[in-house]
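Student: I would like to take a close look at one part of this structure, the enclosed empty spaces inside it and what surrounds them. Could you walk me through that part slowly and in a connected way?

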Amino acid sequence: MAKERDKTKKIVVFAIAVVLIASISVVAILTLNSPKESTTKVQIITDDYGRKISAPANPERIVSFGPSVTEIMFALKLEDRIVGIDDNSNYPEETKHMERVGGIIPNKEKIMSLNPDLIIASDMLSEENVYSLEDCGLTVVCLSPRNMDGIFENIVLIGSMTGKTELAESIIEGLKERINAVTGITQDVYKPRIYVEYCPYWTFGPGSFGNDLISMAGGRNIASATEAKYPNISNEYVVGHNPEIIIFTVGQHATLSQANFINRPGWETTDAVKNNRIYPIDDNILTIPGPRMVDGLEELAHIIHPELFPLLTSSDLSSYDSLNRGR
Amino acid sequence: MRLEVEGVCFTYASSRILDNITFGVSSGEFLGVMGPNGAGKTTLLRCISNVLKPHHGTILIDKDDVKSLSRKEIAKNMGVVPQTSAIDFAFTVFDIVLMGRTPHITGMSESLKDYEITKKAMELTNTSYLSKRTFDELSGGEKQRVIIARALAQQPKILLLDEPTTHLDISCQFEILNLVKSLSTEIVVISVFHDLNLAAHYCDSLMLLKDNKIVSIGAPENVLTPANIKKVYDVDVLIKRNPFTNTPYIIPYLFPRRNKKGMTVHVICGGGSGEQLMNTLAKSHLNVTAGVLNVLDSDFETAKTLDINVIGEIPFSEITQRSYETNLDLIKKSDVVVLTDFPVGFGNLKNIEAAEKALDMGIPVIVIQTTEKRDFTNGKLKDCFARLRDKKAIFVKNVEEAFVTIGNFKGKREFNKEQREVIK
Amino acid sequence: MMNKKTSHKWVFVCLLFALLFTIVITMMIGSMGPVGGGNDGISFQAFWDVISGRDSSSAFRSIILDIRLSRIFLAGLVGISLAVAGTTMQGVFKNPMADPYIIGISSGASVGAAVSIFLDIKFDFSLPILAFLGALLAVFLVYDISRVGGKVKVETLLLSGIAMGAFLSAITSFLICMTGKQLHFLVFWLMGGLYLASWKVVATAFPPILLGTVGIFFFSRHLNVLTLGDEPALNLGIDIDRTRKILLTLTALVAGVAVAFSGIIGFVGLIMPHIMRLLVGPNHRTLLPASALAGAIFLIWADTLARTIIAPTELPVGIITALCGAPFFIYLLRKHKGGVM
C-alpha cells in the first residue's frame, strides 16, 4: 500500500518537474527567438551616468521620464515626438493630454505598447528600473545634471540627438544672457541671509540646485554650511543664523503659509519674521533642472533684491514666452 | 545490554547537581531513582541520555562511551519518556508515535516495517484507539501512554522515564507501571519515582539520592529503611510489608511530635478495644503508654504502629510478675489510666489489679464499660470492679466520654484534691 | 490514515490546477489588457495571436511574453520562497507568529538596498546583490550573537533577530535621511514590488530558490520532530544544532533571494502556512509543498491586482498582501485562541 503511494507520489513530482521545465523552456525559446530590431542608423552618445548608449539616429517616438526632460523637450519644440510622459510631468498645459507611463515605477507594459525608440529619463528613474527597461530591449538615456552647466549640456545633448542643435544653442544663449543679467548685478551687492524651505524643516544644502540659485540670486543660504544636499534643519539652527529673508515653496507637496513660520518657537526673533519678509515661490522652478530654473533664478533675485529687480512681480512665470524674450 | 555510570559529576552555575554517581544496570532490571526535589534525578537521566554532558565521569552503554556515540545511535538504543509533553502542533497520535521511528529511518520516508512497529507499540500501550485523535485533546493518562508508545517505537534497549505516573489516576498508574514492568524483563528500565510505595512495589532495585550523592542503592527492602528515609526526606515513617508482594510498604508517621511536657495517659486494653482510644490519644498532644498486652493482640500492633511504649507479653501465658511490675512502673509515670472494655480472664486479671493499684497511688482511673464484661474469672472480676468503684474510679460508657473526661483533667494533684473532697 | 492521504492528494491536485489556471488567467490581466486595459489595450484577438505564435514581432508580444509573463513567474517564485521560508521558520521556532524575516533577513536586505542606493553603485543587479548580501550578513550575525556557550537556543535566536532588526532598521533610516535623492525609490522598494521582473531576473532567481526549497523539503521529517521540542528531538536522534543551522541557511538563501528582487512583501510567509496547516495538517512532508503552491497562487493574484488596480500607476504589492493578510490574521487569532494550530 505504502509502496503504491510512494510510487504515485514520485510520478506526480516527476510530472510537475517536467511540466515546469518544459513551460519555462518553451517560453524562453519563444521570447529569445524574437527577431532583433531591424538595423536603423544609430548614434553613440554618453549619458550623464557615463554609459555609452547606441541610440537611434533620429528618434521619432520618445518617452520622457521626468519633468525636467519633458520641459526641455517642450522648449526644443519636440512635443510632437513625445509618445509618453511620467506622472509627475505637468508643465506645460499640453502635458495634461499626453499618455502617462507611471511615476517612480515605470509601467513597462504601457511603455512597451507605445513602441518608443528612445526613453530619456531624469534621475527620478532609479538605476534598477533603467536596467529593467533595457532588459525589455528599450534604449534609455539618463540625465542627471549637477549644476546649471549640466542643464545646458542636457539641452545640447537632446538637441543633438534630435537634430535640433541650432535651437538648443539659441535657447542656451538666451538663458545664459538672463543669468548674466542677474549675476552681473548680484556679484557685488550685500548678500542677505536666506532660509529657503521646500517641506517643513527641509531645506536646500550644498550641492543642490536651490543652494546654487540662491547664491546666484545674490543671497547667502544659511544652510550652505551643512553636510547634506537636502538637510533637515532645526529651530535652533535657523534662529541662530537669523535669516533676513524666508522663502518657502508652494506647489504639489508643500502645505506651508507665512503663518507657519511666525508661530515657530524662537523664530519671532529673526529679522525675516520681524520685518515680515516671508515669501512663497513655485517649487517647480527651484527643483526641476530645466530651462525654468532660470525663471526661478529671476524670481529669487526679485524676492531677495526687489529694488534691483523690480520688473518681475508675478510668482507665476510659467510662460515659455519668457524664454524667447529678446534681451 | 549493560549501562554503566562511573563517577559522574555535573555542575550547573557553580553548584554541584551530581556528585560522583556510580552504578550499573543490566537488561531485565528495573531501577527506581528517588530523592527529594532538587536532588538531581532528572539531571541524572539527562546525563545518561547525553542531553547534558557531565563534567566528570563516564557513561557506558555496552562498553561504548555515550559521548562517542552520535545522537542517532543513542536514539536507536535509548528511549526517554519525560514528565510532561506539550505538543503545539496538531499532529495525530499516530504521527507522533511514528516519529519514534526517526532514528531508524533511512532515506526519505517511512517503510512498511516502520508502520508495523508503530502499530505494535500502540497496541502494547493500549493507544490504538487514539490513532486519529490530535494529541492535545487527550487526557493526561492517554498522553503519557502515547509518549511511552513513541519511546517504544524506538525499539530501545534502555528506557528512561521521568516520573511517568505523576499526573495519572490510580488505575492508569498501575496500567502503565505494569506495562513498564513487563518490558523490563528484556531491557534496562530506569525510572524516577516520587511515590516510594510504587517504586518499592515495582522496582528490582532502588537508588536514593540526596544532596547530589547516592545515599543508598540496592534491593528495595535494604534501601527503604526508616533511617534512610529519615536521612533523605527528613520524615518519620514506619515500614510494613505489603501482604501481596512482600515488598516494603511505607507509612508516613503523620502524628505531631509528642509534647513531652503534656499529660501521660496509660491505656490498659486488649482485643481491639483500645485501638480507637490509642489512635485518638496519640493524635492529641498526650504521651501514651500501654500495657500489658499479648504480642499477638491487635491492640499491641496498634500500639507498636503508633510507637506507643507498650509492655508486651508472650502469647499463651498469663501476665508475669515482671510484666506486672513494669506495668506499674509505667502507671506510676502516668497522669491518668484508662481501662478499656476487654475480655478478662485469669491470664490478664493482673491488668485490672494494676488499675486498682493506680487508684491506690492516687492516679485517676477511667473505666470504659459498654456492657457487662464477659467474666472468665468466676466472679473475681466482679470483686475487682466493686473495689474500683469504691476507690472512686470513673466509669464511662464509651471512648468519647473517656476522652472528654481526660480532657477535663487538670493534673494528678488536682484530682487528688478533688478526690479527697469527694471522699469527704 | 488512508482517508487523510487521499484527501491530501486532492488538495495537491486542486492547488496545481489552481496554479496553472492562475498563470493562464493573469497573463490576460494587466494595464494593457485584454482584461483591465483601456480602449487602446490589447484585444483578445491580439492576445490569441501572440500566444499562438502568429504575432511574432510586435510590442504586444513583448508585453505579454516578456514583461507580463516574466513578472508572473517571478511572483510565483517569490510566493513559493516566502511561503516555504515562513513555514520553516514557524517550525524551527515553534512560533505561529514567525515569518520569513524573523531572523533579520528583511532588515539586513533593507540595509543592503539602502547602501546600494546611498553609495550610488551603478552596475547591473547592484541592488539585488547588495540586498542579498545584507540579508545573509544579518542572519549570520543574529546566529552568532545567539551562541551562548556553544549552544543556540531558539528563544535567544528570536530575541536576537528582533534586536538586530531594530538596529538595522535604524541604520536604514539613517541612510534614508542622508540619501536625499532616490529616497522615493528606496521607500517603494521597502514596500515590496515585482516591477523589476524580467526573464533575466527570473533565470537568476530560479536556481537558488529551487535549490533552497527542495533542500528544505528534504528536511521535512526533521522539521516535524523539531516541533516536539528541543529535548524530545534530541532524544529521537535529531542533531538539533546542525538541523537548525541548515534550515536557517536554506531559509536565508531562499528568502534572501526573494527579498533581493522584490523588496519586503509581508504576510505571505506568515499567513500561507497557517491556512495550509488547516487544510493539510502540520506534517511538513505535505505542508511545505502545499504552502509553496498556495504562496505562489496568492502572490501572483496579489501582484496582478497591484499592477492593474490603478493603472498605469502601480501599487506596492506589500499593501495588497497586508490588506488581505491582516484581517485574515485577526480572524485566525480569534478562532484559535487556544494557541493550537
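Tutor: Let us begin with the search itself, keeping in mind that this is a predicted model. When the whole structure is searched, five cavities of 30 Å³ or more are found, and the largest cavity holds about 90 Å³ of space.

The residues around the largest cavity come from chains A and C. From chain A, the lining includes A:P106, A:N107, A:K108 and A:E109, while from chain C it takes in C:S31, C:I67, C:R68, C:R71, C:Y195, C:R307 and C:E314. Two helices each supply at least two residues of this lining, namely helix 3 of chain A, which covers residues 108-113, and helix 3 of chain C, which covers residues 59-93. Of the elements that contribute, helix 3 of chain C gives the most, with three residues. If you sort the lining of the largest cavity by class, you will count six charged residues, three nonpolar ones and two polar ones.

The second largest cavity has about 60 Å³ of space. On the side of chain A, its lining has A:E128, A:Y131, A:S132 and A:D135, and on the side of chain C it has C:D124, C:F125, C:P128, C:L196 and C:V201. By class, this lining is made of five nonpolar, three charged and one polar residue. Helix 4 of chain A, which spans residues 127-135, provides the largest share of the lining of the second largest cavity, with four residues.

That helix deserves a longer look. Helix 4 of chain A is mostly covered, with seven of its nine residues buried, and these buried residues are A:E127, A:E128, A:N129, A:V130, A:Y131, A:S132 and A:L133. A general point about helices is useful at this stage: an α-helix has 3.6 residues a turn, so residues three or four places apart point the same way. With that in mind, look again at A:E128, A:Y131, A:S132 and A:D135, which line the second largest cavity. Just after helix 4 of chain A, the residue A:G137 takes a positive phi of about 95°.

To place this helix in its chain, notice that chain A has twelve helices and eleven strands, and that 52% of its 327 residues count as buried. Among the contacts in chain A between residues at least 6 apart in sequence, 61% join residues at least 24 apart. The accessible surface of chain A comes to about 15100 Å², and carbon and sulfur atoms account for 55% of that surface.

From the cavities we can turn to the packed nonpolar regions. In soluble globular proteins, nonpolar side chains tend to be buried together. The largest nonpolar core here has 181 residues, and those with the most contacts inside it are B:L159, C:F93 and C:I105. Helix 3 of chain C, which we met at the largest cavity, supplies the largest share of this core, 19 residues. Setting aside its neighbours within four places in sequence, C:F93 is in contact with C:I102, C:I103, C:V154, C:L157, C:L158 and C:L248. There is also a second, separate core of 52 residues, which includes A:I82, A:L157, A:I172 and A:L175.

One last residue is worth finding, C:H274, which lies in helix 12 of chain C, residues 268-280. C:H274 counts as buried because its relative accessibility is 9%, and the cut-off for buried is under 20%. Although C:H274 and C:Q90 are 184 residues apart in sequence, their C-alpha atoms are 9.4 Å apart in space.

Definitions and conventions
Residues are numbered from 1 along each chain as its sequence is written. Chains are lettered from A and ligands numbered from 1 in the order in which they are written. This is a predicted model: local features need pLDDT of at least 70, side-chain atom pairs count only at pLDDT 80 or more; totals for chains, interfaces and linings use all residues. Side-chain values use heavy atoms; hydrogens and water are left out. On a 1 Å grid over the protein atoms alone, a cavity is a set of points where a 1.4 Å probe fits but cannot get out, and a pocket is an open set with protein on both sides within 12 Å along at least five of seven lines; lining residues have an atom within 4 Å of a point. Grid points are joined across faces, edges and corners, and a volume is the space filled by probe spheres set on the points. Ala, Val, Leu, Ile, Met, Phe, Trp, Tyr, Cys and Pro count as nonpolar, Asp, Glu, Lys and Arg as charged, and the others, Gly among them, as polar. Buried means under 20% relative accessible area, exposed over 50%, partly exposed in between (1.4 Å probe, protein chains only). Contact means heavy atoms within 4.5 Å. Accessible areas come from the Shrake-Rupley method with a 1.4 Å probe; for residues, only the protein chains shown count as cover. A nonpolar core is a set of buried Ala, Val, Leu, Ile, Met, Phe, Trp, Tyr and Cys residues joined through side-chain atoms within 4.5 Å.
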